[in-house]
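Biologist: Hey, can you walk me through this one? I'd like to get a feel for it before class.
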Amino acid sequence: MKMKFNSALRNFVLVLFSTLLISACSTAKKANVDTVDDVYTGTDTVEFLAKGVPDRIFFATNKSSLTTKSRDTLRKQATYLRKNKDVTVTVEGHADERGTREYNLALGERRANAAKDYLMTYGVSGKRITVISYGKEKPVNPASSPLAWSQNRRSVTIKTN
Amino acid sequence: MKKTILTFLIFLISFGNANSLIKVDITRGNLDPLPIAVSPLHIDNSSENLKSLKDQKLGENISIIIEKNFKSTGLFNPLKKNAFVQKPDIAHLKPRFEDWRLIKAQALVTGKILVKDKKLKVEFRLWDLTAAKEMTALSFTTTPSNWRRVAHIISDKIYERLTGETGYFDTRIIYVSETGPKDQRVKKLAIMDQDGHGTKYLTLGNELVLTPRFNPTNQLVTYMSYFKNMPRVYLLDIETGIQEVVGNFPGMTFAPRFSPDGKKVIMSFAKDGNSDIYSMDLETRVVEKITEHSAIDTSPSYSPDGKYICFNSDRSGLQQIYVMRSDGTGVKRITFGDGLYGTPVWSPRGDLIAFTKVRKGRFYIGVMRSDGTGERLLTENYYQEAPSWSPNGRVLIFYRETKSDSKGKGFSAKLWSIDITGYNERLIKTKTDASDPSWSSLLSK
């Protein structure tokens, strides 16, 4: 319910933006510190590919588009991978538990590929990146809450060598 | 798994006059189930190992399974045996109808067992107590170890005689057994009789397995496995245990199902972030691409005549259900209701498509006609999905998950069934938590 509330709120915010009532935006963001526009922005579950290089990015419900923060994280990963040419990675795509299993497998694959494509744009050879989707099968946070779901909607870049 | 095909010799002894006899209407919720008495099957005195048969209470045990089957339909009310007024052997010859009517029974099942030359011979009769007539009588010959299936076959024959529809008791369910904490689930393929008896595990749990589905003859299962971290569609021969990957796809294949003739597997193949639907001919190994769209296309299911495929796509922006011809032409969206739709499965009767609907954070199992009209939501819950049809198209089995607390505790996954009337929702007991159920066709046709 909270999740839906958030997305309703987001739409509301967009409407307000269009009418230039920007002050409403900061109110919306304060409502849940750890998610902005349904995307997790906290650091609780985040691990590191290398020093200063977060391993994961987060997604909105049913979405696979990259946020500004996600792009920033992926550019850091790309920089690290360009410097360390012998490193190969697997990008795991995941979904939250609030969707049907088969669709979530496809969604996880789409999310992982969104990350892979971005890494490739920043000069990492596709041959160094394996993609795997786990759908909703491997939650990082097993709770049934909007916060847990936002932490589970993720793609994680893991070294494979 | 040992031998799966068991031969049954079935003889029709007689059929009563179909007119004017009891008829149970299964097209609507039945609030007034038919009172039925199932007499313990009488053990013939010329049987081998007579004492042992009597000690095992074989005749009574068969009758108890029949009662349980009947009760699970919600259509019948099996009466308590302590009220029974006639000995099994005498009732089987000819019941005193007026005595059975006194205990308010409207139908009576009687039977006899004979074990000779290592064969189990069973005969049973169904009596209409109101009309004072025999409705049907059959006899079977099989091996004694098959006695549970005998009970299921008798149940099917009686169900068929009383409702006019084929039964679904001599069937199995394949599903994914789940154990362990929510974030470290161990999943195995498991198979059991429709009534939860005889659970067997078909994989060891070393790798994640999902979405098993039977082929039309129930000998093969197609499912998804993460063996060696390569998520692919597999085939498993239940009898031999031999597994093989379906096709040679350079990426994840998932959401498999057999075609109604069993010759093809239809599934999704994900490549570069896009999932499309493919089929593979199991004999020729020819792979056919059926959908070509930048959106997610998944969860394909053939119509029983094999001419159409319903599937799930988010090409409109959100998950909806579509129907197309089986060659991929004529794609048509059929769901326009409020919310998301997934997991379409075509009824074995061809008339309906079952689905999962997500609306306002709640999950529904529903049915609609194959053109998308006549949507009926049968059950609502926190989380449930993946309906599978009983072979007669009257009952759906699906799985339901509960909400967990902040530590992931309180989580469970269970199998449930519901009639397409929306009545008779039931928990299907499994040895472990369970998900992704798939109902077999009738084992003896």
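Modeller: Sure. One term to begin with: helices (H or I, at least four residues) and strands (E, at least two) are DSSP runs, numbered from the N terminus. Also keep in mind that this is a predicted model.

Biologist: Okay, so how many helices and strands does chain B have?

Modeller: Chain B comes out at 5 helices and 31 strands. Its radius of gyration is 23 Å, close to the 22 Å the globule rule gives for 445 residues, so chain B is as compact as a globular protein of that length.

Biologist: And what does the C-alpha trace of chain B span along its principal axes?

Modeller: About 70 × 50 × 45 Å. Buried residues make up 50% of the 445 residues in chain B.

Biologist: Switching topic: how many residues does each chain put into the contact?

Modeller: Chain A gives 23 residues and chain B gives 35. On chain A's side, helix 1 (2–18), helix 4 (101–121) and strand 7 (129–135) each supply at least two residues.

Biologist: Which of chain A's elements gives the largest share?

Modeller: Helix 4 of chain A, with 10 residues. By class, the side of chain A that touches chain B has 11 nonpolar, 6 polar and 6 charged residues.

Biologist: Last one: is A:A148 buried or exposed?

Modeller: A:A148 has 21 other C-beta atoms within 10 Å, and 20 or more counts as buried, so A:A148 is buried. You'll find A:A148 in helix 5 (residues 146–152) of chain A.

Biologist: What does A:A148 touch, leaving out residues up to four places away in sequence?

Modeller: A:N141 and A:A143.

Notes: Residues are numbered from 1 along each chain as its sequence is written. Chains are lettered from A and ligands numbered from 1 in the order in which they are written. This is a predicted model: local features need pLDDT of at least 70, side-chain atom pairs count only at pLDDT 80 or more; totals for chains, interfaces and linings use all residues. Two residues are in contact if their C-beta atoms, placed from the backbone, lie within 7 Å. Ala, Val, Leu, Ile, Met, Phe, Trp, Tyr, Cys and Pro count as nonpolar, Asp, Glu, Lys and Arg as charged, and the others, Gly among them, as polar. The radius of gyration is taken over C-alpha atoms; the globule rule is 2.2 Å times the number of residues to the power 0.38. A residue is buried if 20 or more other C-beta atoms lie within 10 Å of its own, exposed if 12 or fewer, and partly exposed in between; C-beta atoms are placed from the backbone.
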